[in-house]
Number of protein chains: 4
Amino acid sequence: MWTTVRHRVWRVLNVDQAGGRLGYYLNVALGTLIFLNIAGIAAETVPWMTGRFGAMLTAVEYLSVAVFSAEYVLRLWTCVEDPRYGHWASGRVRYALGPMMLIDLAAIAPFYLPWMGVNLLGLRAFRLLRLLRLLKLGRYSEALRTMGRVLRRKRFELASTALLAIVLLVVAASLLHAAEGAVQPDRFGTIPDSMWWAVVTMTTVGYGDVYPVTALGRFLGSIVAFLGIGLFALPTGILGAGFLEETNRKTKARLNQRNCPHCGGELGP
Amino acid sequence: MWTTVRHRVWRVLNVDQAGGRLGYYLNVALGTLIFLNIAGIAAETVPWMTGRFGAMLTAVEYLSVAVFSAEYVLRLWTCVEDPRYGHWASGRVRYALGPMMLIDLAAIAPFYLPWMGVNLLGLRAFRLLRLLRLLKLGRYSEALRTMGRVLRRKRFELASTALLAIVLLVVAASLLHAAEGAVQPDRFGTIPDSMWWAVVTMTTVGYGDVYPVTALGRFLGSIVAFLGIGLFALPTGILGAGFLEETNRKTKARLNQRNCPHCGGELGP
Amino acid sequence: MWTTVRHRVWRVLNVDQAGGRLGYYLNVALGTLIFLNIAGIAAETVPWMTGRFGAMLTAVEYLSVAVFSAEYVLRLWTCVEDPRYGHWASGRVRYALGPMMLIDLAAIAPFYLPWMGVNLLGLRAFRLLRLLRLLKLGRYSEALRTMGRVLRRKRFELASTALLAIVLLVVAASLLHAAEGAVQPDRFGTIPDSMWWAVVTMTTVGYGDVYPVTALGRFLGSIVAFLGIGLFALPTGILGAGFLEETNRKTKARLNQRNCPHCGGELGP
Amino acid sequence: MWTTVRHRVWRVLNVDQAGGRLGYYLNVALGTLIFLNIAGIAAETVPWMTGRFGAMLTAVEYLSVAVFSAEYVLRLWTCVEDPRYGHWASGRVRYALGPMMLIDLAAIAPFYLPWMGVNLLGLRAFRLLRLLRLLKLGRYSEALRTMGRVLRRKRFELASTALLAIVLLVVAASLLHAAEGAVQPDRFGTIPDSMWWAVVTMTTVGYGDVYPVTALGRFLGSIVAFLGIGLFALPTGILGAGFLEETNRKTKARLNQRNCPHCGGELGP
């Protein structure tokens, strides 16, 4: 009897594999709870909100931890239904070490750990990672898998762009330190300080807390700002090409299975 | 006789279906009036302009409402000429509930409602939606339909990007709250406050009203700023691929009227 | 004899049509003079530079006008060598009304006009348009023609994006005026003022002179800032698709002329 | 015997050509040293760090120069193993004039030059260029070669974009100087000053140190800011198309090893 219950619970929890109405609603409910929980964490940092809604926030907190803990235990109990994690001990350990289960553990662990005093808030931030769970919901899965495939296939190009960005960052910071260091010693006096300017400029954020004032500094700063455009253009171009290749691949895969409807001969790619 | 007039008015009002010179000029005139009306709404918020051009602004207002009301009534009267809305009662109701007609109603309603006192300005803002009407003008239709198709086909990818952005937003706000909350309690003291910083940084707006000052805060802020580039690259790449697929689809639809190279039969789409 | 000279001058001036070494060097020399001239115009606005290099700047000015005037007259004299502008009077008039010749005229006219007193600087700004001439140099032509074709083919999509941007601009300005107008009357007190904020935010410039401070204003501002990303993504996606279509078109045009090297049969598109 | 040693050293140093475990580890070690060295250069500009870690920083500096010098000498000694640089004298000279070897020389030269007094920091910045070496590591090579090919093939389009950007920059600066020069003489009083505003606006950095305040200046500034979006869209579109063409080229090169469907012969590229 327990095996049947376990199998049913497993199917409900893993909506994308076995599915069913109940599993879908459960997922939506868990997603809503995650959002509520995050709103609660944010609200706890606002004094007047803790003053007024303190009890409610605590209730949400306790409820979340209870539900998430139950979900975690149930997942661990039922995972052996999946043939890949079939062994009662080693299967469960491997399942518990999967990225999603580690995120789930990180989301509830701070509540149970006794030494959560100081880092409480920091640790609870892990609960935010549960938001990633939402991405597994229904049809979003396919879109995210596509994104993941594109990012993975283009990882060398993207990493090269990042490396070029770091080189530009260091060179820009050194040049501006040389040009502006004497005039604005508190802002460009050290290369690490200049790096903050370089980041703010290359990403086109431009807070306005640090900017060059000398003619040379402005000239160099202008070149860095224009090169910063490349920082947007390169990854965008790479990803754009990647998304299109992905679609082409799918289209070709479909086309390659087609035969001519008249003579039955293969049409080829 | 009335039926003939109704048919003619219907053709003039729906330039994209039946067209004609008169319909085109009417559309341009209505578009100009919409722009005038919006300029008037904006001008009414400027004290010295209401002082000097008060009467003119009121005239534009009255004229607009009169013309738009007339257009609305005429549309409702003539819509039965369209076979889809042929029934004199149920057809008109369904037509009136279409998005474009609701926008038109929202544009004139505030003038007639008696309780428009306080929310006058807010309600009148709906008139701005009439600008969307302009998009129906002539050849722009095809371009907008293309855009709409691309956005619809890529809605899951774009929604996934939005979800990733929200996750990044919440995580960034929590981290910066932890890093800067003690140093700048009025800017990073609560997570909602930190979120404002995260939005301003991730979208690369960077007003400069909020920015990290500690070394840790700047380091985390730099990472958020660089990840913000992905916020531009992902949707751009997705949309770029979408626009190209759309063109390819059209080209293929044309090319697919070719025949099979083996038997000469039509291959179909 | 004059006809031969005229033909030769015409060939030298129109390097892209008949070309030759001399024409290339002349173009480079004119390009350099344009840059010098622009640098001179910029330098004249800096007091200490006019004080020190005043005579030199005047010399550059006189030299530029003399050379550009000579070029203009020579172009007008020789244009009849081009069969399209063959008639001695009507051909020359049509040639003089071409965009490039109008730019050239605008570049030298301010010097000869007697009423150049007040608007001197503004009119001389037209000289900057001569920079466009540079684009005609050598191989850049092809790249610019490609760009022009892409922009022309996608003009409806780009115009639709611009229209959407204007709608978003007006709506955003109205909303922020409603949300912040009472708190910051000098910055959001009128819709035109709010529009300045909307432009600065949607283009992600973010000077920091105007920004929302209320919770509602920040919430609405965040949405506008995120929608501003679409303002970058849409035209970029459209242009990216356009550039690729352009290349595909060229490749197909080439491929469509190929036959199978073995059997001589056409390979088709 | 020396020849055998030389051959072995050459193979270890040129991991991408002959490779081997040792060469890979050496490359990683050199990469780490480069990063350490750059961190050291940055740390030397921070007073409290030189005070505390002064000796360590000097040690890193001496070690780096020693290792980089040894590498340079070994490369020069072994390069004749490469058939392209086979001649003992002319081959080595040509090898030493390659871009990578010049970067290496620039990285160690400042240490040996006696006149490094004042420009010490500026010259040492060349060491940063060694970061480019990292790009040669392992599989990143292919990604960077792809990038290089795309940038080279699209260089005319990108240069045209840059030229358009310069024209826009100059025109924008002149217009804003005319509109705001009288009101903010310290910020828009000269065209070079206005150019700084134009750069900050067109790249959407927007520090907030310079911005228009008059109605005309804001109107013109808005147009410049919107045109600045094109500054992002054009290169991104160009690069996106370039990356996709690159992939298509590779795919076609593979596909073209297929045979003609009519006669079965190889079709070639």
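What pattern does chain A follow when read along the sequence? The answer is α-α-α-α-α-α-α-α-α-α-α-α.

## The fold of chain A

Keep in mind that this is a predicted model. In chain A you'll find 12 helices and zero strands, which is the pattern above written as a count. Of the 269 residues in chain A, 48% are buried.

## Salt bridges

Here's the general idea to start with: side chains of opposite charge can pair when their charged atoms come close. Counting over all chains, the structure holds 32 salt bridges. One of them ties Arg153(A) to Glu246(A), with N to O at 2.4 Å. That pair links distant parts of the chain: Arg153(A) sits in helix H8 (residues 140–153) of chain A and Glu246(A) in helix H12 of chain A, with their positions 93 residues apart in the numbering. How covered are the two partners? Arg153(A) has a relative accessible area of 27%, so it counts as partly exposed. Glu246(A) has just 5%, so it counts as buried.

A bridge within one helix shows up in chain B, where Glu71(B) pairs with Arg75(B) and the closest N and O atoms are 3.0 Å apart. Why are these two separated by about one helical turn? Because they are four residues apart in helix H3 (residues 47–78) of chain B. Both Glu71(B) and Arg75(B) are buried.

Over in chain C, the side chains of Arg84(C) and Asp82(C) form a salt bridge at 2.9 Å, N to O. Arg84(C) is exposed, because its relative accessible area of 52% is over the 50% cut-off. Asp82(C), by contrast, is at 8% relative accessibility and so counts as buried. Back in chain A, there's also a network: Arg149(A), Arg153(A), Lys154(A), Glu245(A) and Glu246(A) are joined by salt bridges that share partners. Arg153(A) and Glu246(A), the pair described earlier, both belong to this network.

## Aromatic pairs

The count of aromatic pairs over all chains comes to 20. Take Tyr85(D) and Tyr95(D): their rings are 5.1 Å apart centre to centre, with 65° between the planes, and the pair is edge-to-face. This pair links distant parts of the chain, with Tyr85(D) in the loop between helix H3 (47–78) and helix H4 (90–96) of chain D, Tyr95(D) in helix H4 of chain D, and the two residues 10 residues apart. Are these tyrosines buried or exposed? Tyr85(D) is buried because its relative accessibility is 19%, which falls under the 20% limit. Tyr95(D), at 14%, counts as buried as well.

Trp196(D) and Tyr207(D) give a stacked example: the ring centres lie 6.0 Å apart and the planes are at 20°, so the pair is stacked. Here Trp196(D) belongs to helix H11 (residues 191–202) of chain D, while Tyr207(D) is in the loop between H11 and H12 of chain D, 11 residues apart. Trp196(D) is buried, with a relative accessible area of 4%, and Tyr207(D) is buried too, at 3%.

One more aromatic feature brings in residues from chains A, B, C and D. Phe232(A), Phe232(B), Phe232(C) and Phe232(D) form one aromatic cluster.

## Surface patches

Which residues gather in a patch of positive charge on the surface? They are Arg249(A), Lys252(A), Arg249(B), Lys252(B), Arg249(C), Lys252(C), Arg249(D) and Lys252(D). The elements that give two or more residues to this patch are helix H12 (215–255) of chain A, helix H12 (215–255) of chain B, helix H12 (215–255) of chain C and helix H12 (215–255) of chain D. To pick out one member, Lys252(B) is found in helix H12 of chain B. Its relative accessibility is 40%, so Lys252(B) counts as partly exposed.

The surface has a nonpolar patch as well, made by Val93(A), Leu97(A), Leu102(A) and Leu105(A), with an area of about 350 Å². Among them, Leu102(A) lies in helix H5 (residues 99–112) of chain A. Leu102(A) is at 41% relative accessibility and so counts as partly exposed.

Key: Residues are numbered from 1 along each chain as its sequence is written. Chains are lettered from A and ligands numbered from 1 in the order in which they are written. This is a predicted model: local features need pLDDT of at least 70, side-chain atom pairs count only at pLDDT 80 or more; totals for chains, interfaces and linings use all residues. Side-chain values use heavy atoms; hydrogens and water are left out. Patches are made of residues with over 30% relative accessible area and no salt bridge: like charges are joined within 9 Å, nonpolar side chains (Val, Leu, Ile, Met, Phe, Trp, Tyr) within 5 Å. Accessible areas come from the Shrake-Rupley method with a 1.4 Å probe; for residues, only the protein chains shown count as cover. A salt bridge is a side-chain nitrogen of Lys or Arg within 4 Å of a carboxyl oxygen of Asp or Glu. Lys and Arg count as positive and Asp and Glu as negative; His and the chain ends are not counted. The place of a charge is taken as NZ of Lys, CZ of Arg, CG of Asp or CD of Glu. Buried means under 20% relative accessible area, exposed over 50%, partly exposed in between (1.4 Å probe, protein chains only). Rings of Phe, Tyr and Trp (its six-membered ring) pair if their centres lie within 6.5 Å; planes under 30 degrees apart count as stacked, over 60 as edge-to-face and the rest as tilted.
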